[in-house]
Amino acid sequence: MSSPRPTSVPAKHPKRDRLSTTSFLLEIGSEELPWQMIQPAMTQLAHLMDGFLANHRLAHESVRTFGTPRRLAVIVQGLANKQTPALQETLGPSKAVAFDAQGHPTKAAEGFAKSQGVDVGELETRETSKGVYLCAIKRQKGLPAATVFTEHLPGLLQQLTFSKTMRWNVSGVRYPRPIRWLVALVGARALSFDFAGVRSGAHSWGHRFFAGGKSVAGSRGIRIRRPELYEAALARGDVVVDPARRREMLAGQLTQLARSVKGRVYQVNQEELLDQAVFSLECPNVLCGNFDRTYLAVPPEVLIASMEEHQGFFSVIDRKGELLPRFFAPTNMNVKNMELIAKGNERVLAARLADARYFFDEDRKLKLADRVPQLHGVVFHKRLGSLYQKTERTIALAGALADVAGLPEVKALCQRAALLSKADLVTGMVGEFPTLQGVMGEKYAAHDGESVEVCQAIGEYYRPRTPDDAIPGTTVGRLLALSDRLDTLAAFFYAGIVPSGSEDPFGLRRSAFGVIRIVVEAGLNIDLGVILQQATRLLDAQGVKAGGHAGPPLHKFLEDRLRYYGRTVPGYREDVMDSVLGRADGAACDFRDLFLRMDALQAITSQRDFESLIVGFKRAHRIVEKEAWTTRTVAVELLTHPTERTLHQAVETAKRAVGHSLDAHDYHGALRQLIGLKSPIDRFFDGVLVNAPEPEVRANRLSLLCQVDDLFSAFGDLSQIQVQGQ
Amino acid sequence: MLGSRLQIIYAILPVRSSGYRSLAATTSVTLQNLILSLHQFWAKHDCIICQPYDLEKGAGTFNPATFLRALGPEPWRAAYVEPCRRPTDGRYGENPNRLQHYYQYQVVIKPCVDTIQSLYLDSLLTLGIDPRKHDIQFRQDDWESPTLGAWGLGWEVRLDGMEITQFTYFQEAGGHTLDPVTVELTYGTERIAMYLQGVDNVYDLRWSDDVSYGDLFHDSEVQFSRYHFEAADIAMIHTMFASCEEECRTLLQQGLVLPAYDYCMKTSHLFNVLDARGALSVAERTGFIGRVRGLARGCADAYVERRKSLGFPLLAGSGVAQAASSKRKRKRLPS
């Protein structure tokens with residue numbers, strides 16, 4: 001019967017409450033955390049703290065988090081000194097039972113009051129759905145914030161989760177790296193609790209190697225006097241706790257350094273590299289170093305990859321876009337003499353670049369074409385054979401695509417490009433820098449004297465690599481990109497390895513999206529059904545074991561990607577896409593064509609007559625569907641009413657015109673013809689009853705409507721279109 | 001010249017741990033002095049100075065003093081030099097930075113101590129590397145050995161951008177969850193020495209005052225590169241691998257875990273040779289790795305059983321145990 005319902009009491013004295021606010025700081029000091037984990041952990045910490053404060057009725061103004069490799073911190077500002085008092089209401093017996101005829105409390109009422117520890121006179125009543133009941137109200141006093149934090153912070157810390165954690169001591173606590181200190185303050189008061197074998201207090205540690213650092217003789221750390229002083233105190237210990245500030249510092253230094261060498265920072269993944277620096281350093285300071293000019297003979301992509309991936313260095317280009325023999329290295333030290341550090345970094349980079357040059361020179365000693373047999377030794381997937389087998393299939397598909405696309409003049413080029421497309425994967429350079437696949441293939445193919453078209457195709461067929469990336473720019477590149485992806489898709493579907501839910505380890509959705517983008521954006525009208533059939537034959541001929549099907553399931557998979565494209569890029573209506581994708585000959589595999597249909601239909605939805613046309617069409621469609629009427633010849637002599645004859649004529653005319661337009665892929669034209677049927681259909685329904693008393697007239701009218709239905713269906717399943725008010 | 005410059009720097013530096021004087025301050029930074037200095041440092045920190053294990057291996061982790069000692073509850077503190085062979089890294093003595101045979105300096109401490117990062121940095125100071133003048137960063141590097149069925153979390157330590165040490169908190173080995181946790185430090189001795197001597201070519205390193213690394217090992221690099229890449233008899237090594245695998249399994253059945261582990265180590269090295277020789281396809285590689293891991297797991301299981309049957313002798317009373325337990329009395333942070 002009793003149901004405690006704590007409710008907050010609104011502050012009665014806002015002025016006094018303001019005076020009694022305080023602040024809170026928690027810092028979790030650890031050994032260096034992986035940089036990728038810090039930002040998500042800060043978000044998580046803020047979220048947990050919000051929940052914590054709400055659960056424990058601690059009023060506050062703001063929650064702010066900080067993070068460096070060696071610490072996660074959260075500060076709560078405008079924190080109430082005490083928990084908000086709560087009124088806890090408990091329902092007791094019904095009013096009818098609680099009071100006698102004279103209105104005096106009964107034993108039941110007294111018993112309830114006693115059990116709740118209140119006076120009978122203080123009991124109130126509450127109206128409920130079941131009637132009026134007694135209610136005891138207890139005031140829960142608010143505990144001091146410090147008490148609440150001390151007691152419950154270990155529980156909060158326990159809730160932090162990370163993608164990869166470890167144990168290090170008997171506490172058994174899991175965290176990404178060992179926790180070494182904890183700071184917890186409410187106002188000027190240090191809180192003392194134990195977690196992960198560490199006792200919390202007021203002492204933090206600064207930059208490892210400067211005043212207040214752990215590795216400095218005699219250092220006792222940094223005492224944080226109040227949460228408000230946290231940022232400043234750590235700044236004196238050479239630690240910038242706010243990542244936004246560190247990002248500003250790094251970005252500013254990079255810009256300034258670039259300007260000083262008359263260049264600008266060049267990085268494909270600049271934001272990610274900057275993130276890495278922001279979250280790897282406590283005291284960011286960028287230095288400028290040089291490398292030997294002779295390395296500029298190595299392709300700039302290689303130099304940039306070497307600097308970025310191995311060392312985390314930024315590259316710099318001049319006004320003409322040429323790479324400069326310099327680098328910007330983010331360091332964690334700000335000392336007067338950066339010379340020693342710069343020299344060290346230069347030496348490390350020189351060794352890296354020497355290695356890259358070694359690969360570049362060695363790789364060019366063997367032609368790409370001569371490397372192809374080595375692909376026998378590289379597994380594509382254990383159920384799908386080697387990369388050599390994949391290459392064989394890709395060559396065949398590239399040739400078939402050139403034929404189907406009506407581009408026989410590029411067939412030989414496509415096949416040559418396909419032959420060489422995977423050969424760079426067995427070069428030393430791509431082994432060292434996998435991100436340079438394709439890039440190196442193009443360079444090496446050019447060195448081997450392959451044709452320009454083949455080189456370009458090898459260089460660009462991995463595009464689009466991301467949703468924002470452009471599709472390949474050349475015809476050969478596009479056809480190669482399609483044949484590589486279609487083979488991959490067909491192969492995995494054929495083997496029954498299909499993405500499910502969020503699991504897509506082989507990036508098949510990305511591959512399919514690439515296919516859609518290339519056919520749509522390059523305007524390639526290709527029946528992919530033919531290609532996928534051939535892909536299946538090739539897999540079968542190579543003896544790959546079938547575990548699934550590269551037919552309908554893959555078709556549906558590609559259709560889903562087309563739908564995703566339609567939704568996210570041009571922003572088509574769902575019912576427009578349903579109409580086009582849901583039409584009777586659902587096996588159509590010309591995705592460019594489907595796209596054009598969607599495009600035309602989407603465009604016409606805004607026309608004035610469109611909705612009423614659809615209303616009329618749907619009426620015809622429903623009747624035909626209900627009667628399960630099939631296509632029959634309309635007997636002209638039985639058309640008695642003028643509206644019937646008009647509609648029949650209009651349908652006959654439109655049939656020819658729509659047919660021509662569809663054949664020419666002129667879907668805007670086809671839809672214009674259909675719009676023209678609006679008034680004949682409307683007048684027909686106004687003029688005659690389909691259910692004529694004479695059976696032959698009725699049958700003839702149904703046949704006429706069936707022709708209307710067929711005519712519309714040639715474009716798509718327009719019955720899917722939603723009309724306002726229907 | 002570099003030595004004398006460092007000498008001046010160190011003359012004005014308050015050396016943090018008064019017991020250890022900087023190597024650079026006292027002697028020239030030869031590779032052999034670097035090793036001696038690390039020996040002294042870690043011996044003073046209660047580590048047993050072990051000797052290298054007398055079998056070929058790809059890393060100091062394979063030494064029973066790390067892989068086997070990390071298993072089970074017994075405490076352990078050891079430091080040793082470990083010659084390592086990585087056949088695929090051979091460059092015929094032509095690359096100034098890559099070697100197919102080199103020397104790791106390995107420190108293993110179980111249970112790991114709270115001050116291990118500071119201890120490690122102190123060890124660098126004794127080598128003449130002042131963290132206040134360099135940029136030392138701990139960059140995430142999670143370690144995994146598929147052949148040992150082992151993994152751990154840690155860092156590669158970078159000195160002015162150069163990786164000089166692998167720092168790992170072992171979490172699992174031979175398929176066993178490790179409790180207590182062992183921490184492993186693996187110094188790249190050649191790299192650190194190159195940095196200290198200011199040389200860009202490993203063959204120019206001074207091993208002692210008058211003998212260079214090249215004098216000692218250049219021809220070995222040339223010969224072993226030729227052997228691993230061109231001459232190794234693939235069929236013979238395949239046979240050896242199979243024989244060693246068989247022997248390991250047989251010995252495990254007889255409860256001879258230490259000899260069995262020797263044969264497990266041998267299979268690992270033979271696999272590396274086959275790999276360098278280009279004799280394995282990707283699929284075969286995976287198969288071979290799985291076979292070595294199977295042996296390593298078998299050895300780990302048997303080793304824990306064996307130590308248990310002996311009553312975990314290092315757990316109480318022994319010198320190692322006492323040294324470790326005295327370290328457990330952690331100094332509390334000032335508060």
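**Helix packing in chain A and strand pairing in chain B**

Helices H2(A) and H5(A) lie oblique to each other, as seen in this predicted model. Their axes are 11 Å apart, and the two helices, spanning residues 35–55 and residues 145–159 of chain A, pack at an angle of about 140°. This angle counts as oblique because the label roughly antiparallel is kept for angles over 145 degrees. The crossing of H2(A) past H5(A) is right-handed.

A look at the side of H2(A) that takes part shows A:Gln44, A:Leu45, A:Leu48, A:Met49, A:Phe52 and A:Leu53. On the H5(A) side, the partners are A:Val148, A:Phe149, A:His152, A:Leu153, A:Leu156 and A:Gln159. In character, the residues of this contact comprise 9 nonpolar and 3 polar, with no charged residue.

Turning to chain B, strand S2 (residues 76–85) is a good place to begin. Of its 10 residues, 8 are buried, so S2(B) is largely enclosed by the rest of the structure. S2(B) pairs with strand S1 of chain B (residues 48–49) through 2 bridges, and these two strands run parallel. Within this pairing, B:Ile49 is found opposite B:Ala79 of S2(B).

S2(B) is also joined to strand S3 of chain B (residues 101–110), here by 10 bridges and in an antiparallel arrangement. In this second pairing, B:Val81 stands opposite B:Tyr105 of S3(B). S2(B) thus has a parallel partner in S1(B) and an antiparallel partner in S3(B).

How values were computed
Residues are numbered from 1 along each chain as its sequence is written. Chains are lettered from A and ligands numbered from 1 in the order in which they are written. This is a predicted model: local features need pLDDT of at least 70, side-chain atom pairs count only at pLDDT 80 or more; totals for chains, interfaces and linings use all residues. Side-chain values use heavy atoms; hydrogens and water are left out. Buried means under 20% relative accessible area, exposed over 50%, partly exposed in between (1.4 Å probe, protein chains only). Helices (H or I, at least four residues) and strands (E, at least two) are DSSP runs, numbered from the N terminus. Two strands pair if DSSP finds at least two bridges between them. Axes are lines fitted to C-alpha atoms, for helices over the stretch in contact, and angles run from 0 to 180 degrees between N-to-C directions. Angles under 35 degrees count as roughly parallel, over 145 as roughly antiparallel, 65 to 115 as roughly perpendicular and the rest as oblique. A crossing is left-handed if the near helix is turned anticlockwise from the far one by less than a right angle, and right-handed if clockwise. Contact means heavy atoms within 4.5 Å. Ala, Val, Leu, Ile, Met, Phe, Trp, Tyr, Cys and Pro count as nonpolar, Asp, Glu, Lys and Arg as charged, and the others, Gly among them, as polar.
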